[in-house]
Amino acid sequence: MSAFLAYGRQTIEDDDIAAVAAALRSDFLTTGPRVDAFEEVFAEAVGARHAVACSNGTAALHLAMLALDVRPGEVVIVPSITFLATANCARYVGAEVIFADVDPATGLMTPDTLAAALNQVGARKLRAVLPVHLRGDVAELDRLEALAAQAGAVLVEDAPHALGSEAVFGNHRERVGDCRHSAMSTFSFHPVKTIATGEGGMITTNDPDLAARLKAFRSHGMVRPADGDPWWYEMPEPGFNYRLPDILCALGQSQLKKLPRFAAQRQALAARYDEVLADLAPVVKIASRPDWSTPVLHLLVALIDFKAAGLTRRQVVDRLKAKGVGTQVHYIPVHTQPYYQARYGQLHLPGAEAWYEACLTLPLYPGMTPADVDHVAASLRAVLGL
Ligand SMILES: *Cc1c(COP(=O)(O)O)cnc(C)c1O
């Protein structure tokens, strides 16, 4: 059993280290053949035509906004239960954020909460809706897409939690990242995510023009016309340096080979959590899984009735920590952040607030054993006095 169970962590093995060492001994530390190679295997793994690597998941979101040419004053809808970056990317390009509420049982934006957000667009131009596959469960993409399309907008899936997740809509089994319902999907390879490169991100799309724009904005806005001289480049619009170095693409390729194993390990551990936490209901419930979704869970979120247990969340967090169990809270509703409150006033999103009151993320990562899950459950039972 591990000494301390963090809520999430990377799994780096000897062959991952060897792949990085090989990159370090090669001619290219950045912008070499490993970037294209990683993009190619990633696109294939998720079933998209194009994949564009970039420096992290936040850069991926910013690049998506740039590729769509989202402009100041235009509107982007994001769920309030997400990481800050999902909303911030709209502000990077001067767009305004409308926060959608979430289902308090799943934490996901739903067609109903999107419809309520759409009512607030008014005369402004809505450009994009950014569903987040919170925890790894897939948002209801087919219906969200239809609503967004009626309003003249596209979906951009913020998918860092859902690499390997699948869903069935109608007769189609779909992989997250295949962009069947969206213009683009974004991923992160932060150490707690399903595969890790330290920092790293990816955008997938089926649209060759978007892929070309993403690649240009990733590297200063430079484009090289096919018929140009060898040194020639042009900059139609300024971009950024959001490249992912070859060293990290080597690690990404090596990690991606393990996705099937990591996914199976996460699914087996999540199934064990279902079993061992079942009799802690109704005080402890695992966040619901929508029936169309076959997740590779990134986060195991328990929804806890702290009032019923007679404890504050802080007490539970501290007492679990003393038993070697790390936890985290995903997430503080973004609409309550000082910056967004100052900009948009005090909003009331009851689903997001209910989710935040109850959520506690328990340890889940491939290096855990079933005995570790049992230890988490026993610790929770003891701390809550159940
Ligand atoms: C991790 C994450 C991001 C940001 O990714 P970074 O690689 O840390 O920049 C954005 N959105 C969601 C939902 C995430 O989980």
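**Local backbone features, the ligand site and buried positions**

Thr 31 is placed in the loop that runs between α1 (14–24) and α2 (33–46). In this predicted model, Thr 31 has a positive phi of about 55° although it is not a glycine. A second residue of this kind is Cys 179, a residue other than glycine whose phi is positive and near 60°. Cys 179 belongs to the loop between β7 (172–175) and β8 (184–188), and because its relative accessible area is 5%, which is under 20%, Cys 179 is classed as buried. As background to these values, most residues other than glycine have a negative phi, and most peptide bonds are trans.

Against that background, two peptide bonds may be described. The bond leading from Ala 281 to Pro 282 is cis, with omega near 5°, and Pro 282 is found in the loop between α9 and β10 (284–286). His 330 and Tyr 331 are likewise joined by a cis peptide bond, for which omega is about 0°; here Tyr 331 lies in the loop connecting α11 (313–322) with α12 (338–344).

The surroundings of the ligand comprise 14 residues, of which Gly 57, Thr 58, His 161, Ser 188 and Lys 193 come nearest. Polar atoms of the protein approach the ligand from both backbone and side chains: a polar backbone atom of Gly 57 is 2.7 Å from an oxygen atom of the ligand, and a polar side-chain atom of His 161 lies 2.8 Å from an oxygen atom of the ligand. In the case of Asp 158, an N or O atom of the side chain is 2.8 Å from a nitrogen atom of the ligand. Taken alone, the ligand exposes 380 Å², and the protein buries 93% of that area. The space that the ligand takes up is the largest pocket.

Ser 55 is located in the loop between β1 (50–54) and α3. With a relative accessibility of 16%, Ser 55 falls under the 20% limit and therefore counts as buried. When its neighbours within four places in sequence are left aside, the contacts of Ser 55 are with Glu 199, Gly 200 and Gly 201, and also with Tyr 242, Arg 243 and Leu 244.

Helix α4 (residues 84–92) contains a set of buried residues, namely Ala 85, Thr 86, Ala 87, Cys 89, Ala 90 and Arg 91. The elements that cover these buried residues of α4 include the helices α3 (57–67) and α12 together with the strands β2 (75–79), β3 (96–100) and β5 (154–158). After α4 comes Gly 94, which has a positive phi near 85°.

Helix α9 (residues 259–277) holds Ala 270, and Ala 271 is found in α9 as well. Which of the two classes, buried or partly exposed, applies to Ala 270 and to Ala 271? Ala 270 has a relative accessible area of 6% and is buried because this value is under 20%, whereas Ala 271, at 38% relative accessibility, counts as partly exposed because the value lies between 20% and 50%. Not counting residues up to four places away in sequence, Ala 270 touches Arg 289, Leu 297, Leu 300 and Leu 364. One of these contacts, Leu 300, is 30 residues from Ala 270 along the chain, and the C-alpha atoms of the two residues are separated by 7.1 Å. For Ala 271, a pairing over 99 residues of sequence can be given, since the C-alpha atoms of Ala 271 and Pro 370 are 9.9 Å apart in space.

Further along the chain, Ser 379 has its place in helix α14 (residues 370–384). At 3% relative accessibility, Ser 379 is under the 20% limit and so counts as buried. The side chain of Ser 379 reaches the backbone oxygen of His 375 at a distance of 2.6 Å. Apart from residues up to four places away in sequence, Ser 379 touches Leu 320, Lys 323 and Val 325.

Methods:
Residues are numbered from 1 along each chain as its sequence is written. This is a predicted model: local features need pLDDT of at least 70, side-chain atom pairs count only at pLDDT 80 or more; totals for chains, interfaces and linings use all residues. Side-chain values use heavy atoms; hydrogens and water are left out. Helices (H or I, at least four residues) and strands (E, at least two) are DSSP runs, numbered from the N terminus. Buried means under 20% relative accessible area, exposed over 50%, partly exposed in between (1.4 Å probe, protein chains only). Contact means heavy atoms within 4.5 Å. A residue is near a molecule or strand if one of its heavy atoms lies within 4 Å of it. A polar contact is a pair of N or O atoms within 3.5 Å; within protein, one must be able to donate a hydrogen and the other to accept it, and residues adjacent in sequence count only if both atoms are side-chain atoms. Accessible areas come from the Shrake-Rupley method with a 1.4 Å probe; for residues, only the protein chains shown count as cover. On a 1 Å grid over the protein atoms alone, a cavity is a set of points where a 1.4 Å probe fits but cannot get out, and a pocket is an open set with protein on both sides within 12 Å along at least five of seven lines; lining residues have an atom within 4 Å of a point. A molecule sits in a cavity or pocket if more than half of its atoms lie within 2 Å of its grid points.
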